[in-house]
Amino acid sequence: MKIGIGNDHAAVDMKNEISEYLKEKGYEVVNYGTDSNESCDYPVYGEKVGEAVAHGDVDLGILICGTGVGISLAANKVEGIRAVVCSEPYTAKLSRQHNNTNILAFGARVIGIETAKMIVDEWLNAEFMGGKHERRVNMLMDIEKRKIHGDK
């Protein structure tokens, strides 16, 4: 599985640690983030990973900024993206099982590296349950299509 990872200046160290952690587990990791601690704009990296996931260049995405919020908002502006911000593993797991999230985000200023690893593990190991959840995810996608294409 190929995972795209993106970050801003607040999360360079955490991005590098999570990338190595994923590689040790056998995942292919594509870096879409900055490698500089110089201040930069998180929307750039959220959009890059969102586009990579939406176009199938990578299977899933992970985004990290100070809180995870801004970078996930940018990714969620890309059609087909369902990015979730998580600060604990349970929500990460359920977001995949119930919402079929395709991008995980968290904050380098909010959680430590060990918590980040637990969140990543739960998210990657969970599988979409389908059923009533599929109907709801389809409803989300229908909202998105109506808003993007101007339908009512």
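**Exercise 1. How do S1 and S3 pair, and over how many bridges?**

Start with strand S1, residues 2–7: S1 pairs with S3 in the parallel sense, and five bridges link the two. Keep in mind as you work that this is a predicted model.

Now pick out individual partners. Ile-5 sits opposite Ile-62 in S3. Another pair is Asn-7 with its bridge partner Ile-64, again in S3.

**Exercise 2. Work out the order of the strands in the sheet, and explain why S2 and S4 each have a side without a neighbour.**

Step one: write down the order. The open sheet has five strands, arranged S2-S1-S3-S5-S4, and their pairing is parallel.

Step two: look at the ends of that list. S2 (28–31) and S4 are the edge strands and each has a single partner strand, so one side of each has no neighbour in the sheet.

Step three: add the twist. On average, and ignoring direction, neighbouring strands here are turned by 25° against each other.

A bit of background helps with the next exercise: strands in a sheet pair through backbone hydrogen bonds, in either a parallel or an antiparallel way.

**Exercise 3. Find which helices pack on the sheet, and state which strands they touch.**

Take H1 to begin with. This helix packs on the sheet and touches S1, S2, S3 and S5, with its direction at about 170° to that of S1.

Then turn to H2, residues 42–54. H2 also packs on the sheet, where it touches S1, S3 and S5, and its direction makes about 175° with that of S3.

**Exercise 4. Are the residues of S3 and S5 buried or exposed?**

Go through S3 (residues 60–65) to begin with. Six of its six residues are buried, so S3 is largely enclosed by the rest of the structure. Check both directions: Leu-60, Ile-62 and Ile-64 point one way, Gly-61, Leu-63 and Cys-65 point the other, and all are buried.

Now do the exercise again for S5, residues 103–107. Five of its five residues are buried, so to speak of S5 as mostly covered is fair. One face carries Ile-103, Ala-105 and Gly-107, the other carries Leu-104 and Phe-106, and both faces are covered.

**Exercise 5. Which strands pair with S5, and over how many bridges?**

On one side, S3 pairs with S5 in parallel over five bridges. Gly-61 stands opposite Ile-103 of S5, and Ile-62 has Leu-104 of S5 as its bridge partner.

The other partner is S4 (residues 83–85), which runs parallel to S5 and is joined to it by three bridges. Here Ala-83 is the residue opposite Ile-103. To get from S4 to S5, the chain passes through helix H4 (residues 89–99), making a right-handed β-α-β crossover.

**Exercise 6. Describe how H5 packs against H1 and against H4.**

What do you need for this? Two packed helices are described by the angle and the distance between their axes.

Begin with H1 (residues 12–24) and H5 (residues 113–125): their axes come within 11 Å and cross at roughly 45°. H1 and H5 are therefore oblique to each other, and the crossing is right-handed. On the H1 side, the residues that meet H5 are Met-14, Glu-17, Ile-18, Tyr-21 and Leu-22; their counterparts in H5 include Ile-113, Ala-116 and Val-120.

For H4 and H5, the axes come within 8 Å and cross at roughly 20°. That makes H4 and H5 roughly parallel to each other, once more with a right-handed crossing. Among the residues that meet here are Ala-92 and Ser-95 in H4, and Ile-119 and Trp-123 in H5.

**Exercise 7. Why does Val-84 count as buried, and which residues is it in contact with?**

First, place the residue: Val-84 belongs to strand S4. Next, apply the cut-off for buried, which is under 20% relative accessible area. Val-84 has 14% relative accessibility, so it counts as buried.

Last, list the contacts. Leaving out neighbours within four places in sequence, Val-84 is in contact with Ser-95, Thr-101, Ile-103, Leu-104, Ala-105 and Trp-123.

Follow one of those contacts back. Ser-95 lies in H4 and is buried, at a relative accessible area of 3%. Beyond residues up to four places away in sequence, Ser-95 touches Val-84, Asn-100, Thr-101 and Trp-123.

Methods
Residues numbered from 1 in each chain as written. Predicted model: local features only at pLDDT ≥ 70, side-chain atom pairs only at ≥ 80, totals over all residues. Heavy atoms only, no water. Buried < 20%, exposed > 50% of the residue type's maximum accessible area, 1.4 Å probe, protein only. Helix = DSSP H or I, 4+ residues; strand = E, 2+ residues; numbered from the N terminus. Pairing = 2+ DSSP bridges. Right-handed = clockwise from strand over helix to strand, strands pointing away. Axes fitted to C-alpha atoms, helices over the stretch in contact; angles between N-to-C directions. Parallel < 35°, antiparallel > 145°, perpendicular 65-115°, else oblique. Left-handed = near helix turned anticlockwise from the far one by under 90°. Contact = heavy atoms within 4.5 Å.
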